[in-house]
Amino acid sequence: KRKREPAPVHFALNNAAVLIQRWYRRYVARLEMRRRCTWRIFQSIEYACEQDQIKLHNFFSYLMDHFTPSSSKERDFISRMFVSGESFKEAELEKYCDYESMEVPDSYTGPHLSFPLLPDHATTLLEAFKRKQQLHARYVLNLLHETRKHLKQLPNISHVSTCYSEEVTVCGDLHGQLDDLFLIFYKNGLPSPSKSYVFNGDFVDRGKQSLEILIVLFTFLLVYPNEVHLNRGNHEDHMVNLRYGFSVHGRKILKMIQNVFCWLPLATLIDQKVLIIHGGISDTTDLDMLEKIQRHKFISVLRGKKRKESNRNVEIQEIIGESKADASAAEHDAASSPSPQPQPAQAPSMTNRLEFSKWVRQMVQEQIERCRQLVDSESEEEELTYSSFVSMTDLNAPCWTRQEEWKQILDILWSDPMPQEGCRENTVRGGGCYFGPDVTKKILEKYSLQFLIRSHECKQEGYEFCHSRKVLTIFSASNYYEIGSNRGAYVKLGPDLVPHFVQYQANKTAHTLTMTQRISRVEESAFRALREKLFAHTSALISAFKAYDKDGTGRITLSNWATAVESVLRLGLPWRMLRPQLAHSMADGMLEYKSWLEDLAMEQQSQEHIQSGLLEVIYRNRSNLETIFRIIDRDHSGLISFEEFHQTWKLFSSHMNIELTDDGINDLVRSIDFNKDGNIDFNEFLEAFQETEFNSDCQKASNWVPSLES
Amino acid sequence: TGKENDNEYTFHESFFCFSLFLFADRVVAEIEKKVIEAFEVFDHECNKTVDVREIGSVVRSLGCYPTEAELQELLAEVEEEEPTGYIHLEKFLPVMTRVLLERSYQPIPEDVLLHAFEALDENKCGYLTKEELVKYMTEEGEPFTQEEMEDMLSAALEPETNTVCYKDYITLMIVDDV
């Protein structure tokens, strides 16, 4: 099929041009493919993380529901995990989170707030944060109290009209990225009587300045209550914060924040025509119900979603890391009847780790049996348990169940649009649903709306339409995955309700890079994250590879490699496309998997004396570990006692179904510098494992000078 | 004895053909998996279709270097009888698999690429001026769009001299293109 080039000069020129163009177009296509793959990598890892969070939560729920402590010490230990979820009565809250007794020392050079707040306070605050100053805890608490008081008066659905202010500006996820908020205010102007803003949730988590963002938003909310509107996002949720790292700054502040989040409105309506919610909708979304429910009862919306029996079984087995063999062995040992009945839980002492973990497994297994029987017999109703984080004092809802109310909120905060018609469970996130264009049409018609604005999903250009421009996603955290990964955007609506977009990127350097360089850097970051994930599953990968290598040659085909990796990681990624950047094949097209995994391990290992098996476990479960640690550190001081540390590990190992020897734990402890007073600064501990990432980030940072676009 | 030999030969022959078939089947299966993977990356609606304007990207990211004309020929094979603007996987898969098996649209080796640039460099000075490159790329061969031209210039052009040292440019691109 290849043409023979004829001799004349012009033809030669022409063919040279064709050749170059041909080559260049192939290059660009490849670049586009790499960009899309990179995006898929980041997104699938992010959503897998959210799923993990739900699994962990489910595990603790079971533990909490079915663990009968045999001593006050045990009771104390486990109940600590969930006490922080309770909602407080007004008086209790005032007393508990009292700030008036807190003195602001003379040495404090940060901004001072007095109430009621004035516009000057807001601008002073912005200037202070730009100078990297912090707000004193007293003022933070005071602000939170006042915010809560204000939010309590607001309805579940805020109403905004474009006749009072010329335009409304809607912003999406900020995720603790204060620079983006600064950029928005710089480009668009501060909130004012002539400038309305709607912030559509996910103000916190992942970025480093979550508290600052809250302070700024709440301040403007109080200064301009008619012009600033906040919607709750799925990250304005206690359990999610624990996971993603927002639980710092002391117990009082955290407690107050929990009690402010639950009072955030759920939605905003512009001119009764445009509905703004954080996640999305479902086919059962009912705005009338949403307007009437007591939204503050739902401190945390996160809880396990009921699935079909087979899925649930698998999920539960994953949580306790139990293989089928173990389960049947345990049942056998327990000498229980074919259908085990719930026995009074006699918890062994937690100091005998082996006994305890065996007991935990047994308990959970028994629960599975019970649930299986329950599932067979009934409807969609899920039983409420202690761990549902809903205040039980006030059970009376008008004419619908707590269950239905909870689903309404969950759908609003967690759902994602999908291209196909219908409405199905959002199994990727673990909460909410996927809704199709028909659902959008139905809900828009039902309430005479023109279109929806939502956030919740990172978009390359900062915004994206779908469902024939009936659903707009707006995302305001630029460079979300990595510098250069995406732009942020905000949208302005005038009385004609025609959207106008402004895009930005809060890092000047991103603009000076060529397309290739930008894609390469983001790609590098994505692959690093992916290799880390691969390493974390080393043991499972080896088993999977060995299944294809019965002769023990240490080699497998590339095809089998791709299949095996997907079966272990289950990220739904195009592994054959990604393979060249992950693993080298030999000349005969085979892959030496053992040396490949060793190479991965070498890249990850930052400390030599820790057993690599332990390191792998830690890596795989680093986020889980952080969550568990934060729960254990009740006063959020960053310190846990040595004893608590050991107990945490024991609990952790029973959860992860791995045997951690006391020696292994001691080695770990010794390799990190602990002061000798029996307290562990676990932030340092976790830092130690972030070192490799941290170091390379530092190197990259030194090459760039981050600054705001100006 | 001749008869026996005939039978043995037939047996070996058919055994050989059968093994070839099995082997070929595995190879084809693997190629199909690759094609499906690449296709799905551009299947935004998750319904086994790709916008016709993006099919070129799919074909090229599978390692092929077709000209625009060759791509059009390919499209003609995979489009619906009444073109809908979308290409369906079930039509694309067998055609693309055949393309990969036949190794059509071979990659361009570095030295051939260099010769192509040299052919445009009339004065043999080792570089092209911005004007020269733009003229050739937008007027000759299968002309670039303005966007394509700007993209190429952003990476290839040395702003101080307004020239493209094509040898360096090729090296840069080859390295980047993992």
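This is a dialogue on a predicted model, covering the interface of chain A and chain B and some local features of chain A.

Visitor: What makes A:Arg25 and B:Glu148 a salt bridge?

Guide: The closest N and O atoms of A:Arg25 and B:Glu148 are 3.0 Å apart. The cut-off for a side-chain nitrogen of Arg and a carboxyl oxygen of Glu is 4 Å, so the pair qualifies. Between chain A and chain B the count is 5 salt bridges.

Visitor: How many residue pairs are in polar contact across the interface of chain A and chain B?

Guide: The rule finds 20 such pairs, with both residues at pLDDT 80 or more. On chain A, helix H1 (9-66), helix H17 (515-536) and helix H20 (575-582) each supply at least two residues of the side that touches chain B. The largest share of that side, 23 residues, comes from H1(A). Sorted by class, the side has 18 nonpolar, 9 polar and 11 charged residues.

Visitor: What area do chain A and chain B bury between them, and which residues take part most on chain A?

Guide: The two chains bury about 4,400 Å² between them, 62% of it on carbon and sulfur atoms. A:Trp23, A:Arg25 and A:Arg26 supply 18% of the area that chain A buries against chain B, more than any other three residues. The contact takes 38 residues from chain A and 50 residues from chain B.

Visitor: Why are strand S5 and strand S6 of chain A called paired?

Guide: Pairing requires at least two bridges between two strands. Strand S5 (residues 267-270) and strand S6 (residues 274-276) of chain A have 3 bridges, in the antiparallel sense; therefore they count as a pair. Within this pairing A:Leu269 stands opposite A:Leu275 in S6(A).

Visitor: Which sheet of chain A has the order S1-S5-S6-S10-S12-S11, and what makes a strand an edge there?

Guide: That is an open sheet of 6 strands with mixed pairing. Strand S1 (157-160) and strand S11 (463-466) of chain A are the edge strands, as each pairs on one side only. From one strand to the next the twist averages 20°.

Visitor: How do you know that S7(A) and strand S9 of chain A pair?

Guide: S7(A) and strand S9 (residues 433-435) of chain A run parallel and are joined by 2 bridges. At least two are needed, so the requirement is met. A:Asp416 stands opposite A:Tyr434 in S9(A). These strands belong to an open sheet of 3 strands in the order S7-S9-S8 (chain A), with mixed pairing. Its edges are strand S7 (416-417) and strand S8 (423-425) of chain A.

Visitor: What does A:Gly422 touch beyond residues up to four places away in sequence?

Guide: A:Gly422, found in the loop between S7 and S8 of chain A, touches A:Tyr434, A:Phe435, A:Gly436, A:Asp438 and A:Val439. Each of these counts as a contact because the cut-off, heavy atoms within 4.5 Å, is met. The C-alpha atoms of A:Gly422 and A:Val439 are separated by 6.6 Å, and these residues are 17 residues apart along the chain.

Visitor: Is the peptide bond from A:Phe115 to A:Pro116 cis or trans?

Guide: The bond is cis, with omega near 5°. A:Pro116 lies in the loop between helix H3 (90-96) and helix H4 (119-130) of chain A.

Visitor: What is notable about phi of A:His175?

Guide: Phi of A:His175 is near 50°, a positive value in a residue other than glycine. A:His175 sits in the loop between strand S2 (168-171) and helix H6 (178-188) of chain A.

Methods
Residues numbered from 1 in each chain as written. Chains lettered and ligands numbered in written order. Predicted model: local features only at pLDDT ≥ 70, side-chain atom pairs only at ≥ 80, totals over all residues. Heavy atoms only, no water. Buried area = accessible area lost by both parts, 1.4 Å probe. Polar contact = N/O pair within 3.5 Å; in protein donor to acceptor, adjacent residues only side chain to side chain. Helix = DSSP H or I, 4+ residues; strand = E, 2+ residues; numbered from the N terminus. Nonpolar A, V, L, I, M, F, W, Y, C, P; charged D, E, K, R; others polar. Axes fitted to C-alpha atoms, helices over the stretch in contact; angles between N-to-C directions.
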